[in-house]
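Ready for some practice in reading a structure? Take a moment to look at the model below, then work through the exercises at your own pace.

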Amino acid sequence: MIKFDQVTKRYPGSNEALKNASFTIEAGELAFVTGHSGAGKSTLLKLIAAIERPTSGTVLIANQNISKLKPSAIPFMRRKFGLIFQDHKLLYDRNCFENVILPLHINGITGNEAAKRVRAALDKVGLLHKEKAMPITLSGGEQQRLAIARAVVSRPSILIADEPTGNLDASYAADIMAIFHAFHQVGVTVIVATHDALGMSTTQNRVLHLNQGQLTHTQSGLDGVHHE
Ligand SMILES: Nc1ncnc2c1ncn2[C@@H]1O[C@H](COP(=O)(O)OP(=O)(O)OP(=O)(O)O)[C@@H](O)[C@H]1O
């Protein structure tokens, strides 16, 4: 479970990017974070992933207060997460297979087990046939999918994606959303920031809408709409 209680984030020399946000995302939910450019979507995701710390308020991830974690505990906690950010930080001097195996090597998984998992992840995003290709030779959509394979290869329990379909044409975007739905189906908590409405036609998913750092409503098909 992810729980924000009165969370405010102010970057040095800047206004509040997030103001007094309170919400809960249950384990296994598929949630969308929406709002205009600059509304605070990336900030909210970075607070969940402990990339940023709140200026005030409490962020609980699986009952752990991330503000109270020792810096040395953060990398361990991040292993729960698969992160897909806009600058997907692929390594352009390594091929697709090598990019995806990296998180496994960091976690001490090597050899046949690692190779098997990498191929399963590449298969899931439709890139198995490109395992030896260099990322630079892939299309924009394929690079996004490669970043997703790398994010999911360690079997994270929480998948966080910031505008994963930004700048993609509709068919790539639909493929990517289908991948997120599939992870949600098998119990992964999936949180996607987007300013388009794609994938949100179903009312079963939670939607956190931000306007200039303010959470204007949290909606879930299960518990209706709460205006705050
Ligand atoms: N590292 C930072 N230092 C200072 N200000 C920042 C920093 N990161 C974000 N901001 C500011 O915080 C506000 C919210 O930014 P954020 O990136 O969270 O919005 P967003 O909704 O994700 O926008 P976009 O859709 O354009 O990515 C903006 O006003 C932005 O300029």
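Three short exercises follow, each with a worked solution, and the model they use is a predicted one.

**Exercise 1.** Find the residues around the ligand and sort them by class.

*Solution.* Start by listing the shell: Tyr11, Ser14, Ala17, Gly35, Ser37, Gly38, Ala39, Gly40, Lys41, Ser42, Thr43 and His195. Next, sort these residues into classes, which gives 3 nonpolar, 8 polar and 1 charged. Finally, look for the element that supplies the largest share: helix H1 (residues 41-48) contributes 3 residues.

**Exercise 2.** Describe how the chain is divided into domains and what the side of domain 1 that touches domain 2 is made of.

*Solution.* First, take the bounds from the domain assignment: domain 1 covers 1-80 + 156-228, and domain 2 covers 88-155. Their C-alpha centres are 24 Å apart. Now turn to the contacts, where 10 residues of domain 1 meet 12 residues of domain 2. On the domain 1 side, helix H6 (residues 170-185) gives the largest share, with 4 residues. By class, that side has 8 nonpolar, 1 polar and 1 charged residues.

**Exercise 3.** Is histidine 181 buried, exposed or partly exposed?

*Solution.* Begin by locating histidine 181, which sits in helix H6. Then count its neighbours: 14 other C-beta atoms lie within 10 Å. A buried residue needs 20 or more, and an exposed one has 12 or fewer. Histidine 181 is therefore partly exposed, because its count of 14 falls in between. As a last step, compare positions: leucine 104 is 77 residues away from histidine 181 along the chain, and their C-alpha atoms are 23 Å apart.

Technical notes: Residues are numbered from 1 along each chain as its sequence is written. This is a predicted model: local features need pLDDT of at least 70, side-chain atom pairs count only at pLDDT 80 or more; totals for chains, interfaces and linings use all residues. A residue is near a molecule or strand if its C-beta atom, placed from the backbone, lies within 6 Å of it. Helices (H or I, at least four residues) and strands (E, at least two) are DSSP runs, numbered from the N terminus. Ala, Val, Leu, Ile, Met, Phe, Trp, Tyr, Cys and Pro count as nonpolar, Asp, Glu, Lys and Arg as charged, and the others, Gly among them, as polar. Domain bounds come from an automatic or database domain assignment. Two residues are in contact if their C-beta atoms, placed from the backbone, lie within 7 Å.
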